[in-house]
Amino acid sequence: MMPPVISRPSKGQWHPDSMKQAVENVLTGQLSIRKAAEMYKIPKSTLIDRVSAVKEPQVNRFFESLTNLMEKYEFTPYKIYNCDETSVTTVQKHSKIISLKQNRQVGKLTSAERGRSVTVLYCMNAGGQYIPPFFIFPRQRMNERLLIGAPKESIGEAQSNGWMTSQLFLKWMQHFAHYANPSVQNPVLLILDGHISHKDLEVITYARNRNIHMLSTPPHTTHKLQPLDRVFMKPFKDAYYEACGLWTRKNPAARITEYEIASLVGDAFARVSRGEIAVKGFQCTGIHPLNPNVFTELDYLPSMMTDIAMDSNVDQTESPTVRPMLPLPDMSSAPKASSHHETSPNRPTPTDRSNDTTVVKETIQQLSPIPDASKKREVSRRRKSERSEVLTSSPYKTYLEEKNNEKLKREVKSLVRGNAPIRKILPKKLKKDNKEK
């Protein structure tokens with residue numbers, strides 16, 4: 001009898017919700033990076049990048065682009081939108097289970113052991129309005145029965161993996177333009193993440209023709225800069241899992257399938273899609289009302305270890321420069337301990353104390369500096385790092401056109417190189433056949 005085969009999870013597979021919980025636990029100090037990576041089964045290097053991703057130059061670039069767009073087009077709250085995708089699964093997660101204190105193991109029903117995920121795209125504006133959701137089912141063909149019970153005027157598409165693609169995002173843009181109603185007098189601002197499906201040339205061309213201005217957020221900053229991630233996604237997931245639990249209790253011995261997801265999403269969406277939630281999301285991110293100083297130095301502190309200039313051209317062979325040591329403060333003038341509360345003429349003033357403290361801090365920083373991983377990352381990085389961009393701007397469109405042209409040239413060259421050996425081999429075969437005859 002052969003032993004059972006245990007399949008190992010492939011590298012890089014982790015759930016977005018697990019990543020968010022791991023980042024929150026690390027930033028709040030509840031877990032270390034190593035323990036969080038082990039608990040949520042996330043690569044340690046990936047978790048470090050997420051924790052140290054909120055970099056001040058990247059955030060400043062985003063707010064500079066946002067300020068320029070706001071000053072030029074004067075968007076009203078009802079014309080500032082944010083869209084984001086999330087996945088809902090047929091197997092719910094349990095947030096809280098009530099039981100007696102002495103019980104060590106507590107069980108609760110789930111729909112199945114392993115399920116399938118459906119992508120749902122949400123969109124809301126700073127005035128508190130929501131666009132009907134967009135569903136992507138992991139199927140080859142779309143069936144209208146899949147949308148039974150979905151929020152009113154929702155649409156759905158089928159894709160083999162259930163993921164967002166550039167063609168599907170173009171269809172959503174048409175769905176978005178129908179409800180946002182942009183025009184030359186009233187253009188629309190759409191804030192979204194930098195996923196590859198959002199940076200397609202056809203999508204950007206359509207947005208430019210329909211007066212939709214697209215602004216991407218810096219990489220790995222959606223937990224700080226995206227209103228949907230800040231205030232909507234967590235309550236929606238909790239409401240969705242609660243709806244799944246109620247459905248499981250009402251339908252014993254039945255499984256949640258793709259045909260029930262739309263109605264469950266509809267119930268959760270009706271509970272969470274409130275106007276005050278949307279308004280609060282744009283306020284806490286500093287988008288509307290515009291507040292570029294919404295983040296403090298504490299938010300940027302974890303990224304100090306991996307700070308890299310966005311447009312730096314550092315010579316990798318150059319040896320690091322060594323700063324001269326600062327002189328240590330003269331402690332001879334420090335007051336001696338005394339049992340009497342007497343004022344001495346040689347006692348240093350508060351200004352002298354602050355200067356001495358600053359010198360001591362700078363000296364300690366030189367003796368034991370914060371680890372700098374930027375040089376190591378610059379040497380090992382092969383691709384250009386992403387950043388916040390106005391995707392509908394003319395320079396970015398020109399960049400995409402040049403990139404597509406270079407890709408076509410490489411494909412043509414690869415085809416020519418692939419056919420060249422065939423041309424050389426065919427005459428040899430023909431000669432061998434003729435000799436044998």
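Guide: Before we start, one working rule: two residues are in contact when heavy atoms of theirs lie within 4.5 Å. Keep in mind, too, that this is a predicted model.

Visitor: Fine. With that rule, which residues is L66 in contact with, leaving aside its neighbours within four places in sequence?

Guide: L66 touches L189, I191, L215, I287 and L290, once those sequence neighbours are set aside. L66 is also one of the residues with the most contacts inside the largest nonpolar core, along with I80, Y122, F232 and Y240.

Visitor: How many residues does that largest core have, and which elements each supply at least two of them?

Guide: The core has 52 residues. Helices α4, α8, α9 and α10 each supply at least two of them, and so do strands β1, β2, β3 and β5. The largest share, 11 residues, comes from α8. There is also a second, separate core of 28 residues, with L168, I204, A207 and Y396 among its members.

Visitor: Let me zoom out for a second. How many helices and strands are there in the protein chain?

Guide: The chain has 14 helices and six strands. Of its 437 residues, 35% are buried. For the contact map, look at pairs with a separation of 6 or more: residues 24 or more positions apart account for 74% of those contacts.

Visitor: Back to L66, then. How do I read the helix around it, α4?

Guide: Start with the general idea: an α-helix has 3.6 residues a turn, so residues three or four places apart point the same way. Now the case here. Helix α4 runs over residues 56-73. With 18 residues, α4 reaches 26 Å from its first C-alpha to its last, close to the 26 Å expected at 1.5 Å a residue. Its buried residues are Q58, V59, F62, F63, S65, L66, T67, L69 and M70.

Visitor: What do the buried residues of α4 pack against?

Guide: They pack against strands β1 and β5, plus β6 (212-216), α7 (222-225) and α11 (297-300).

Visitor: T67 is on that list. Why does T67 count as buried?

Guide: The cut-off for buried is under 20% relative accessible area. T67 counts as buried because its relative accessibility is 19%. T67 also gives you a long-range pair to check: its C-alpha and that of I287 are separated by 9.2 Å, while the two residues sit 220 apart along the chain.

Visitor: Does α5 read the same way, or what should I look at there?

Guide: Run through the list again. Helix α5 covers residues 166-180, and its 15 residues reach 20 Å from first C-alpha to last, close to the expected 21 Å. Its buried residues include L168, W172, H175 and F176. Just after α5 comes N181, with a positive phi of about 55 degrees.

Visitor: Where is N181, and is it buried or exposed?

Guide: N181 sits in the loop between α5 and β5. N181 counts as exposed because its relative accessibility is 54%, and the cut-off for exposed is over 50%.

Visitor: Which other residues should I pick out on a backbone torsion plot?

Guide: E74, just after α4, has a positive phi of about 55 degrees. K41 has a positive phi of about 55 degrees although it is not a glycine. K41 lies in the loop between α2 and α3, and at a relative accessible area of 69% it is exposed. For omega, go to H288 and P289: a cis peptide bond joins them, with omega about -5 degrees. P289 is in the loop between α10 and α11.

Visitor: How do I read a helix pair, such as α8 and α10?

Guide: Take the axes, then the handedness, then the residues. The axes of α8 (residues 227-250) and α10 (residues 275-284) come within 7 Å and cross at roughly 145 degrees. The crossing is right-handed. On the α8 side, P227, R230 and V231 meet I277, K280, G281, F282 and C284 of α10. Those contact residues divide into five nonpolar, one polar and two charged.

Visitor: D229 is in α8 as well. Is D229 buried or exposed, and which residues is it in contact with?

Guide: D229 is buried, with a relative accessible area of 15%. Leaving aside neighbours within four places in sequence, D229 is in contact with K20, D84, T222 and H223. The C-alpha atoms of D229 and D84 are separated by 8.0 Å, with their positions 145 residues apart along the chain.

Terms used:
Residues are numbered from 1 along each chain as its sequence is written. This is a predicted model: local features need pLDDT of at least 70, side-chain atom pairs count only at pLDDT 80 or more; totals for chains, interfaces and linings use all residues. Side-chain values use heavy atoms; hydrogens and water are left out. Axes are lines fitted to C-alpha atoms, for helices over the stretch in contact, and angles run from 0 to 180 degrees between N-to-C directions. Helices (H or I, at least four residues) and strands (E, at least two) are DSSP runs, numbered from the N terminus. A crossing is left-handed if the near helix is turned anticlockwise from the far one by less than a right angle, and right-handed if clockwise. Ala, Val, Leu, Ile, Met, Phe, Trp, Tyr, Cys and Pro count as nonpolar, Asp, Glu, Lys and Arg as charged, and the others, Gly among them, as polar. A nonpolar core is a set of buried Ala, Val, Leu, Ile, Met, Phe, Trp, Tyr and Cys residues joined through side-chain atoms within 4.5 Å. Buried means under 20% relative accessible area, exposed over 50%, partly exposed in between (1.4 Å probe, protein chains only). The expected span of a helix is 1.5 Å times one less than its number of residues.
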